[in-house]
Amino acid sequence: MKYVIANWKMNLSLSTSQELLSGILDFLKNQDHKIQLAQHCMIAPSYPFLSPLKDLIEKKGHFLSLVAQDISASEKGAFTGDISASQLQEIGVYATLLGHSERRNYHHETEELLSQKIQRALAANLKPIICIGESLETRENHKAIPFILEQLKTLCFAVQSYSAPSALSSPPFLIAYEPLWAIGTGITPTSSEIEEIHLALHHTLDSLFPRYHIPVIYGGSVTPYNIHEILSLPSVNGVLVGGASLSLSSFIDILTEALSQKH
Ligand code: PGA
């Protein structure tokens, strides 16, 4: 199956999060390939709900994994309001989004800070889901590919200094290509634009990390209406879904398509 990662952002209450997760788990319980499910289906709720949602997963079946929306760049100490990678790992979080455009934009996160966060995540055994993407201006100036590859290479330095155990059962990190102009706008790139960027990313990742197949997922206005077209692209290994992951029926439509697709 292909990856489906839900980014709930700062939405939902505890009870609506539990209700939505419950519905998703009930749906996944009736699917085949249960072993693959927890590595491919993930949700990123708000921090305070991670533990109660973990309890729900333990109760109903481990058919999906939890993702943090961000982590601190520091290991521990006097960083009021921050949450460390190891604290999240301790409560059963599997992965973390890093470099989402809302963090870069509203919290001025730089590539340098992100590199530190990537290393923190890897050291704490939390899988980084590294978000990259170009602005509309960059795309209109026909500079999307060089821009994206530059972002990728800078962030990959952080990963390269980490030596993963040789027998990993899943890739050490994921790349999420999210064009900034497609996030929350209802506008998506054409299939050939997505394919062009994903192929360039795979090409670079294969040369930087020949031991692994690093998944490249697409994010930005994914809905039940465009999921088939997006996931049918061979270079797209999955999707990162914001708005459409907040409704059970939309999200189930997206999961259904991902379950029917090969890697
Ligand atoms: P969207 O958000 O699906 O609402 O466009 C995607 C994201 O921000 O990851």
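## Where H6 meets H8

Let's start with one pair of helices: H6 passes H8 in a crossing that is right-handed. Keep in mind that what you're looking at is a predicted model. H6 covers residues 111-123 and H8 covers residues 144-160, and their axes come within 8 Å of each other, crossing at roughly 40 degrees. That angle makes H6 oblique to H8.

So who's touching whom here? On the H6 side you'll find Glu111, Leu114, Ser115, Ile118, Gln119 and Leu122. They meet Gln151, Thr154, Leu155, Ala158 and Val159 of H8. Sort the residues of this contact by type and you get 6 nonpolar, 4 polar and 1 charged.

## H1 and its contact with H3

Next up is H1, which runs through residues 14-29. One of its partners is H3, made of residues 50-60. The axes of H1 and H3 come within 10 Å and cross at roughly 25 degrees. Angles under 35 degrees count as roughly parallel, and that makes H1 roughly parallel to H3. The crossing of H1 with H3 is right-handed.

From H1, the residues in this contact are Leu14, Ser17, Gln18, Leu21, Ser22, Leu25 and Asp26. Facing them in H3 are Pro52, Leu53, Leu56, Ile57 and Lys60. The mix in the contact of H1 with H3 is 7 nonpolar, 3 polar and 2 charged.

## H1 again, now with H11

H1 also packs with H11, a helix spanning residues 248-259. The angle between H1 and H11 is about 30 degrees, and their axes sit 10 Å apart. H1 and H11 are therefore roughly parallel to each other. Their crossing is right-handed.

Which residues of H1 meet H11? They are Leu20, Gly23, Ile24, Phe27 and Leu28, and they touch Leu248, Phe251, Ile252, Leu255, Thr256 and Leu259 in H11. There's no charged residue in the contact of H1 with H11, just 9 nonpolar and 2 polar ones.

## Around the ligand

Now for the ligand. How many residues are around it? There are 13, and the ones that come nearest are Lys9, His100, Glu178, Gly184 and Ser221.

Some backbone atoms pair up with oxygen atoms of the ligand. A backbone N or O atom of Gly184 is 2.7 Å from a ligand oxygen. For Ser221, a backbone N or O atom lies 2.8 Å from an oxygen atom of the ligand. Gly243 joins in too: one of its polar backbone atoms is 2.8 Å from an oxygen atom of the ligand.

Terms used: Residues numbered from 1 in each chain as written. Predicted model: local features only at pLDDT ≥ 70, side-chain atom pairs only at ≥ 80, totals over all residues. Heavy atoms only, no water. Axes fitted to C-alpha atoms, helices over the stretch in contact; angles between N-to-C directions. Helix = DSSP H or I, 4+ residues; strand = E, 2+ residues; numbered from the N terminus. Parallel < 35°, antiparallel > 145°, perpendicular 65-115°, else oblique. Left-handed = near helix turned anticlockwise from the far one by under 90°. Contact = heavy atoms within 4.5 Å. Nonpolar A, V, L, I, M, F, W, Y, C, P; charged D, E, K, R; others polar. Near = heavy atom within 4 Å. Polar contact = N/O pair within 3.5 Å; in protein donor to acceptor, adjacent residues only side chain to side chain.
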